[in-house]
Amino acid sequence: MNDTTTATAADPGTWIRGITIRQPWTTCILAGKNIENRPASWSWRGLVLLHAGQATERAPMRDPLVATAIRGRALHTRAVIGGARLTDCHQHAADTPPCSPWAQADAFHLVLADVQELELSIPWLRGQLGPWRPPQDLVDQVLLQLPHLAPEGTS
């Protein structure tokens, strides 16, 4: 019997967070953007759900790097569209080159790895700038598409 309550018994608040990102940046992450720029440092390391927020910034779409990344892709808003592993957070040192073409010099850089795109976006109306704890029902919906994200001992 495949019971999702049993399958995801670990409290999602202990092993996964959500991150809300404006478009087109969320879609750029799915296409290979490995840095998310934030105004403050994050202590969280581990899995994050990639939530496309309500707002879409139009100006960045004229940037060739962004235009190439989003070409042919839908720009979902107010939806979880993927997952990733947040491996580091650092601030750009003024006397060094940027760590990525996506890195802003005046920001903290959240380093993302193992990005996984959801085949079907999951509508989710709530989000916030800092890391947020996804509720069990949202995590269950993500795990239906990306079951390998579940923590060991819960599947």
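Asp 114 is found in strand S5, a convenient place to start in this predicted model. Its phi is near 50°, a positive value in a residue other than glycine. Most residues other than glycine have a negative phi, and most peptide bonds are trans. Asp 114 is also exposed, with a relative accessible area of 52%. A second residue with this kind of backbone is Arg 78, whose phi is likewise near 50° and positive without the residue being glycine. Arg 78 sits in the loop between helix H3 (64-70) and S4, and counts as partly exposed at 31% relative accessibility.

The peptide bonds offer a further point of interest. The bond from Gln 23 to Pro 24 is cis, with omega near 10°. Pro 24 belongs to the loop between S1 and H2, while Gln 23 is placed in strand S1 (residues 16-23). Gln 23 counts as buried, because its relative accessibility is 0%, under the 20% cut-off. Its side chain reaches the backbone oxygen of His 76 at 2.7 Å. Not counting residues up to four places away in sequence, Gln 23 touches Ala 52, Ala 55, Thr 56, Glu 57, Leu 75, His 76, Thr 77 and Ile 81.

Turning to the interior, the largest nonpolar core holds 17 residues, of which Ile 19, Trp 42, Val 48, Leu 50, Leu 86, Leu 110 and Leu 112 touch the most other members. Two or more residues of this core come from each of S1, helix H2 (25-30), strand S3 (46-56), S4 and strand S5 (108-123). S4 provides the largest share, five residues. Apart from this core lies another, of 16 residues, including Ile 16, Leu 49, Val 80 and Ala 150.

Leu 86 makes a good guide to the 17-residue core. This leucine lies in strand S4 (residues 79-91) and is buried, with a relative accessible area of 2%. Beyond its neighbours within four places in sequence, Leu 86 is in contact with Trp 42, Trp 44, Arg 45, Gly 46, Val 48, Leu 110, Val 111 and Leu 112. The C-alpha atoms of Leu 86 and Val 115 are separated by 9.5 Å, with the two residues 29 places apart along the chain. Leu 112, with neighbours within four places again set aside, is in contact with Ile 29, Asn 34, Glu 36, Val 48, Ala 84, Arg 85 and Leu 86.

Trp 44, one of the contacts of Leu 86, has Arg 17 over its face, at 4.0 Å from the ring centre. Aromatic pairs, by contrast, number zero in the structure.

His 51 is found in strand S3 and counts as buried at 2% relative accessibility. Its contacts, leaving aside neighbours within four places in sequence, are Ile 19, Thr 20, Ile 21, Thr 26, Arg 78, Ala 79, Val 80, Trp 124, Arg 126, Gly 127 and Trp 132. Among them is Arg 78, the residue described above for its positive phi.

Finally, the cysteines. The count of disulfides comes to zero. The sulfur of Cys 89 is 10 Å from the closest cysteine sulfur, in Cys 99, and therefore too far for a bond; the cut-off is 2.5 Å. Cys 89 counts as buried at 11% relative accessibility, whereas Cys 99 is partly exposed, with a relative accessible area of 42%.

Key. Residues numbered from 1 in each chain as written. Predicted model: local features only at pLDDT ≥ 70, side-chain atom pairs only at ≥ 80, totals over all residues. Heavy atoms only, no water. Helix = DSSP H or I, 4+ residues; strand = E, 2+ residues; numbered from the N terminus. Buried < 20%, exposed > 50% of the residue type's maximum accessible area, 1.4 Å probe, protein only. Contact = heavy atoms within 4.5 Å. Polar contact = N/O pair within 3.5 Å; in protein donor to acceptor, adjacent residues only side chain to side chain. Core = buried A, V, L, I, M, F, W, Y, C linked by side-chain atoms within 4.5 Å. Phe/Tyr/Trp six-rings, centres within 6.5 Å; stacked < 30°, edge-to-face > 60°. Lys NZ or Arg CZ within 6 Å of the ring centre and 35° of its normal.
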